[in-house]
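Trainee: I have a new model open and would like to learn how to read it. Could you walk me through it?

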Amino acid sequence: MSALERAHSWTVFYDLDFSLLERCAALLPGQHDFSAFCSEEERDKREATIFETGWKKEVDFLYFDITASRFLRGMVRMLVGRSPQQRTDTCECLAVADPS
């Protein structure tokens, strides 16, 4: 892995269920309240619409693709960071993106 890849990747030391990652990503499109990622001054801009998400495999890497109306600091990192925790047959960890 190159130094550039290392800055934008995360090593996971257990097997991931790729089909479960894909199913969980399919639940994300829609409008969501990301208040946790807003400063006090930005509270009125806390919503973002996720248009499309998905995972792809390339050699030893998994890539998360996301298209949204806007990105808040830490939003994508949180979504990706929670995804490998999907080690059961549910997508309950991703519910953090939509508390309703």
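**Reading the sheet, core and charged pairs**

Mentor: Let's start with the strands: 8 bridges join strand E2 (residues 47–58) to E3, and the two run antiparallel. Strands here are DSSP runs of E, at least two residues long, and helices are runs of H or I of at least four, numbered from the N terminus; two strands pair if DSSP finds at least two bridges between them. This is a predicted model, where local features need pLDDT of at least 70, side-chain atom pairs count only at pLDDT 80 or more, and totals for chains, interfaces and linings use all residues. Residues are numbered from 1 along each chain as its sequence is written, and side-chain values use heavy atoms, leaving out hydrogens and water.

Trainee: In what order do the strands of the sheet come?

Mentor: Strands of a sheet pair through backbone hydrogen bonds, either parallel or antiparallel. Here 3 strands make an open, antiparallel sheet, ordered E1-E2-E3. Strand E1 (30–33) and strand E3 (61–68) are the edges, each pairing on one side only.

Trainee: Which residues have the most contacts inside the largest nonpolar core?

Mentor: In soluble globular proteins, nonpolar side chains tend to be buried together. A core is a set of buried Ala, Val, Leu, Ile, Met, Phe, Trp, Tyr and Cys residues joined through side-chain atoms within 4.5 Å, with buried meaning under 20% relative accessible area, exposed over 50%, and partly exposed in between (1.4 Å probe, protein chains only). This one has 16 residues, and Phe34, Ile50 and Met75 have the most contacts inside it.

Trainee: How many salt bridges are there?

Mentor: There are 2, each a side-chain nitrogen of Lys or Arg within 4 Å of a carboxyl oxygen of Asp or Glu. Asp33 meets Arg46 at 3.0 Å, N to O. Asp33 counts as partly exposed because its relative accessibility is 32%.
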